[in-house]
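Trainee: I'm new to this one and would like a close look at a single part: the main nonpolar core and the helices around it. Could you walk me through it slowly?

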Amino acid sequence: MKTTSMAEFGDVVTRVMEDPNLPERTRQYLIAVVHEMRMQGVSGRSRLKGRPHQDITRGSEIWRDAAWLLNSDLDERGAWLSAKSIIGEDAPRYEMTFPTYDARFCVGTMLRPAGAPCKRRTTRSSSVPNPMTGELTMIGACNDPRHRAAFEAQHRDGWAGWRLNGEPTPANNTGGHLRRYMRYTHWDQLYAWANHRYQPGATPAPEPPRARLALVTPIRAKGSQP
Ligand SMILES: [Zn+2]
């Protein structure tokens, strides 16, 4: 166990500031958490000296304190709610990619030339899952009755195949930025507290290139705290 140095904190701050994938609110909150860790000396590694089996050193108040740092007008409950909102927003999750308007073409095919894709826009569209992964795609059709029928068939078959395969849940593909920067024992509980839809799963790429800071605090299951 070694003490977390100023240089390590500075290194994380630099990477957070330069990470192009971070939503602004998450970025500010990460910086605030890192600042609070340094000010409160809760990086864990120094506190853990001589107590390798005891990883609980402080309360989970660091999440509240970081929110407070960003908005000192909040009362304590407000600071907890703010932390909950920011962490909930970052909960790793699957989000389907919606095609841009320009990419929404009919699934139908033409008779002349045979099999050529229909170039018309969709007037009816819906999501359809990949039966193997559960990942969703938008498909649609124009007003041509044959194309409508092809769309309905793809839609029906996609959902039927997905159900036959045991309704697989797609892997998380967004969120989890906080978790990528901080090592913390209770991420699943924290995200679940902040976002009731959270399902534990893989955190999406990209990984930060170097070691993360370790935040060693307990989770408390009472009141408005995680
Ligand atoms: Zn069409």
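Mentor: Here is a walk through that core, with a few stops elsewhere in the chain.

Keep in mind from the start that this is a predicted model. The chain's mean pLDDT is 81, and 79% of its residues reach 70 or more. Among the elements, H5 has the highest mean pLDDT (96), while strand S4 (residues 213–214) has the lowest (69). One stretch needs care: over residues 44–58 the pLDDT stays under 50, although the model has 28 contacts for them beyond four places in sequence. Where pLDDT is low, the predicted coordinates should not be read in detail.

Now the overall layout. You'll find seven helices and four strands in the chain. Read from the N terminus, the elements go α-α-α-α-β-β-α-α-β-α-β. Of the 226 residues, 28% count as buried. If you take the contacts with a separation of 6 or more, 69% of them join residues 24 or more positions apart.

On to your core. In soluble globular proteins, nonpolar side chains tend to be buried together. Here the largest nonpolar core has 29 residues, and Leu30, Val33, Ala66, Ala67, Ala83, Ile87 and Tyr191 are the ones with the most contacts inside it. At least two core residues come from each of helix H1 (6–18), helix H2 (24–40), helix H3 (61–70), H4, H6 and helix H7 (187–194). The biggest giver is H2, with six residues.

So let's stop at H2. This helix has 17 residues, and from its first C-alpha to its last it reaches 24 Å, close to the 24 Å expected at 1.5 Å a residue. Its buried residues are Thr26, Tyr29, Leu30, Ala32, Val33, Val34, Glu36 and Met37. Notice that Thr26 and Glu36 are on that buried list too. An α-helix has 3.6 residues a turn, so residues three or four places apart point the same way. Just after H2 comes Gly41, which has a positive phi, near 65 degrees.

Next, look at what lies alongside H2. Two packed helices are described by the angle between their axes and the distance between the axes. For H1 and H2, the angle is about 175 degrees and the axes are 10 Å apart. Angles over 145 degrees count as roughly antiparallel, and that is why H1 is roughly antiparallel to H2. On the H1 side, the contact is made by Phe9, Val12, Val13 and Val16; H2 brings Arg27, Leu30, Ile31, Val34 and Arg38. Leu30 is also one of the residues with the most contacts inside the core. While you're at H1, find Gly10, which sits in that helix. Gly10 counts as exposed because it has 12 C-beta neighbours inside 10 Å. Its C-alpha is 9.7 Å from that of His35, and the two residues are 25 apart along the chain.

Now swing over to H4 (76–89). Its 14 residues should span 20 Å at 1.5 Å a residue, and the end C-alpha atoms are indeed 20 Å apart. The buried residues of H4 are Ala79, Trp80, Ser82, Ala83, Lys84, Ile86 and Ile87, and they pack against H2, H3, H6 and H7. Try Ala83 as an example: leaving aside neighbours within four places in sequence, it is in contact with Trp63, Arg64, Ala66 and Ala67.

H4 meets H7 at another angle: their axes come within 8 Å and cross at roughly 110 degrees. An angle from 65 to 115 degrees counts as roughly perpendicular, so H4 is roughly perpendicular to H7. Lys84, Ile87 and Gly88 of H4 make this contact with Leu190, Tyr191 and Ala194 of H7. Ile87 and Tyr191 also appear among the core residues with the most contacts.

Finally, two spots in loops. Most residues other than glycine have a negative phi, and most peptide bonds are trans. The peptide bond from Arg112 to Pro113, however, is cis, with omega near -10 degrees. Pro113 lies in the loop between H4 and strand S1 (124–129). Glu167 has a positive phi of about 50 degrees although it is not a glycine. You'll find Glu167 in the loop between helix H5 (145–164) and helix H6 (177–181), and it counts as exposed because it has 11 C-beta neighbours inside 10 Å.

Technical notes:
Residues are numbered from 1 along each chain as its sequence is written. This is a predicted model: local features need pLDDT of at least 70, side-chain atom pairs count only at pLDDT 80 or more; totals for chains, interfaces and linings use all residues. A residue is buried if 20 or more other C-beta atoms lie within 10 Å of its own, exposed if 12 or fewer, and partly exposed in between; C-beta atoms are placed from the backbone. A nonpolar core is a set of buried Ala, Val, Leu, Ile, Met, Phe, Trp, Tyr and Cys residues joined through C-beta atoms within 7 Å. Two residues are in contact if their C-beta atoms, placed from the backbone, lie within 7 Å. The expected span of a helix is 1.5 Å times one less than its number of residues. pLDDT is the predictor's confidence in each residue, from 0 to 100. Axes are lines fitted to C-alpha atoms, for helices over the stretch in contact, and angles run from 0 to 180 degrees between N-to-C directions. Angles under 35 degrees count as roughly parallel, over 145 as roughly antiparallel, 65 to 115 as roughly perpendicular and the rest as oblique.
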